[in-house]
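Grab a pencil and work through these exercises with the structure open next to you. Try each task before you read its solution.

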Amino acid sequence: MSVTLDIRLKRANKVYHEGETVAGVIVVVCKEALQHHGISLSMEGLVSLQLSSKSVGVFEAFYNSVKPIQLIGSNIEVAKAGKIPGGKTEIPFEFPLQTKGNKVLYETYHGVFVNIQYTLRCDMKRPLLAKDLSRNCEFILHSQPQKSKVVPTPVNFTITPDTLQTAREKAPLPKFAIRGHLDATNCVISQPLTGEVVVESADVPVKSIELQLVRVETCGCAEGYARDATEIQNIQIAEGDVCHGLSIPVYMVFPRLFTCPTLETTNFKVEFEVNIVIVLHDDHLITENFPLKLCRV
């Protein structure tokens with residue numbers, strides 16, 4: 001006998017804030033009457049921390065701080081043991097999004113070494129020979145907007161062979177001059193990162209100009225920290241040898257779920273950076289790095 005169990009939230013975008021109520025229905029669809037031993041629903045918010053392979057072994061002391069951190073957890077019985085009639089049955093539910101004690105609900109974030117996830121799980125216990133049913137559903141939590149206004153801090157930059165920090169002494173670098181600006185490095189997460197890049201001069205033709213968004217995740221405890229930078233997305237903003245003196249717009253939208261407001265706690269940190277990468281035809285790679293501070297308003 002086919003039975004389907006589903007969780008449907010009232011909000012189509014599944015976005016909630018602390019203090020709100022997560023409401024929806026549990027949908028049970030079966031062809032004929034169904035015997036069960038109870039239906040329960042649980043809500044959980046977890047921060048899962050994972051160590052990168054390069055830091056395992058160095059920090060054995062870590063294992064105590066890498067246990068998942070529970071931010072919120074509650075369980076309710078939706079229906080006592082009994083029978084569900086054939087057809088479609090909808091059972092409404094509500095969960096308040098409130099933490100116990102002084103815990104903070106961080107914003108949903110899907111990273112490589114840090115994951116912050118909020119899920120609903122519905123379980124239906126069934127008689128001996130029938131298989132128990134369960135269904136998971138993730139919902140998204142946005143942190144409370146900050147009260148203070150964000151004042152944009154524009155950053156101007158100039159890149160020449162003299163300004164490069166890690167250039168190897170032996171290899172002679174071609175001459176080039178690139179300037180530009182970012183309109184702000186403290187960014188509102190719902191608004192794009194904007195600015196411009198101008199190639200003033202270059203002895204070697206430019207092959208490509210790219211914009212790289214990087215997440216910097218730090219997990220650890222008093223014994224030591226593992227800090228890992230990984231790429232989120234890479235956008236090409238210019239292809240080929242661009243006209244010199246032409247202003248090339250910089251425009252990047254912060255992706256949902258893979259970015260969150262900059263976060264710093266005792267056990268982990270999530271920060272973001274942007275790299276402007278210029279690739280020359282002789283495959284020289286010139287990178288300018290800018291730390292970003294993301295916030296929600």
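**Exercise 1. Take stock of the whole chain**

Find out how many helices and how many strands the protein chain has, then describe its overall dimensions.

*Solution.*
Step 1: Start with the secondary structure. This predicted model has 0 helices and 21 strands.
Step 2: Look at the outline. Along the principal axes, the C-alpha atoms fill a box of roughly 80 × 45 × 40 Å.
Step 3: Set the chain against a compact globule. With 297 residues, such a globule would have a radius of gyration near 19 Å, but the protein chain has 25 Å.
Step 4: Check what is inside and what is outside. Buried residues make up 45% of the 297 residues. The chain exposes about 15900 Å², and carbon and sulfur atoms supply 52% of that area.
Step 5: Turn to the contacts. Take those with a separation of 6 or more: 73% of them are between residues 24 or more positions apart.

**Exercise 2. Put a sheet in order**

Give the strand order of the open sheet of 3 strands, and say which strands are at its edges.

*Solution.*
Step 1: Read off the order, which is β1-β3-β8, with antiparallel pairing.
Step 2: Spot the edges. β1 (3-9) and β8 (87-96) are the edge strands, since each pairs on one side only.
Step 3: Add the twist, which averages 20 degrees from one strand to the next.
Step 4: Zoom in on one pairing. β1 and strand β3 (residues 21-30) run antiparallel and are joined by 7 bridges. Here you can find I7 standing opposite I26 in β3.

A quick reminder before the next one: strands of a sheet pair through backbone hydrogen bonds, either parallel or antiparallel.

**Exercise 3. Parallel or antiparallel?**

In which sense does β21 pair with strand β14, and in which sense with strand β20?

*Solution.*
Step 1: Take strand β14 (residues 186-188). Its pairing with β21 is parallel, over 3 bridges. Look for C187, which stands opposite L294 in β21.
Step 2: Now take strand β20 (residues 268-280). This strand pairs with β21 in the antiparallel sense, over 8 bridges. N275 stands opposite N289 in β21.
Step 3: Follow the chain from β20 to β21. The two form a hairpin with 4 residues between them, and D283 in the turn has a positive phi of about 65 degrees.

**Exercise 4. Classify the ring pairs**

Work out how the rings of Y16 and F139 are arranged, then do the same for F157 and F290.

*Solution.*
Step 1: Know what to look at. A pair of aromatic rings is described by the distance of the centres and the angle of the planes.
Step 2: Count the aromatic pairs, using centres within 6.5 Å as the cut-off. The count comes to 5.
Step 3: Take Y16 and F139. They are 5.9 Å apart centre to centre with 90 degrees between the planes, so the pair is edge-to-face.
Step 4: Place them on the chain. Y16 is in strand β2 (residues 15-17) and F139 in strand β11 (residues 133-142), 123 residues apart. Both Y16 and F139 are buried.
Step 5: Move on to F157 and F290. The ring centres are 5.2 Å apart and the planes are at 55 degrees, so this pair is tilted. F157 belongs to strand β12 (residues 155-159) and F290 to strand β21 (residues 285-295), 133 residues apart. F157 and F290 are buried as well.
Step 6: Look for a cluster. Ring pairs link Y16, Y118 and F139 into one.

Definitions and conventions:
Residues numbered from 1 in each chain as written. Predicted model: local features only at pLDDT ≥ 70, side-chain atom pairs only at ≥ 80, totals over all residues. Heavy atoms only, no water. Phe/Tyr/Trp six-rings, centres within 6.5 Å; stacked < 30°, edge-to-face > 60°. Buried < 20%, exposed > 50% of the residue type's maximum accessible area, 1.4 Å probe, protein only. Pairing = 2+ DSSP bridges. Axes fitted to C-alpha atoms, helices over the stretch in contact; angles between N-to-C directions. Rg over C-alpha atoms; globule rule 2.2 N^0.38 Å. Contact = heavy atoms within 4.5 Å. Areas by Shrake-Rupley, 256 points an atom, 1.4 Å probe, with all protein chains shown as cover.
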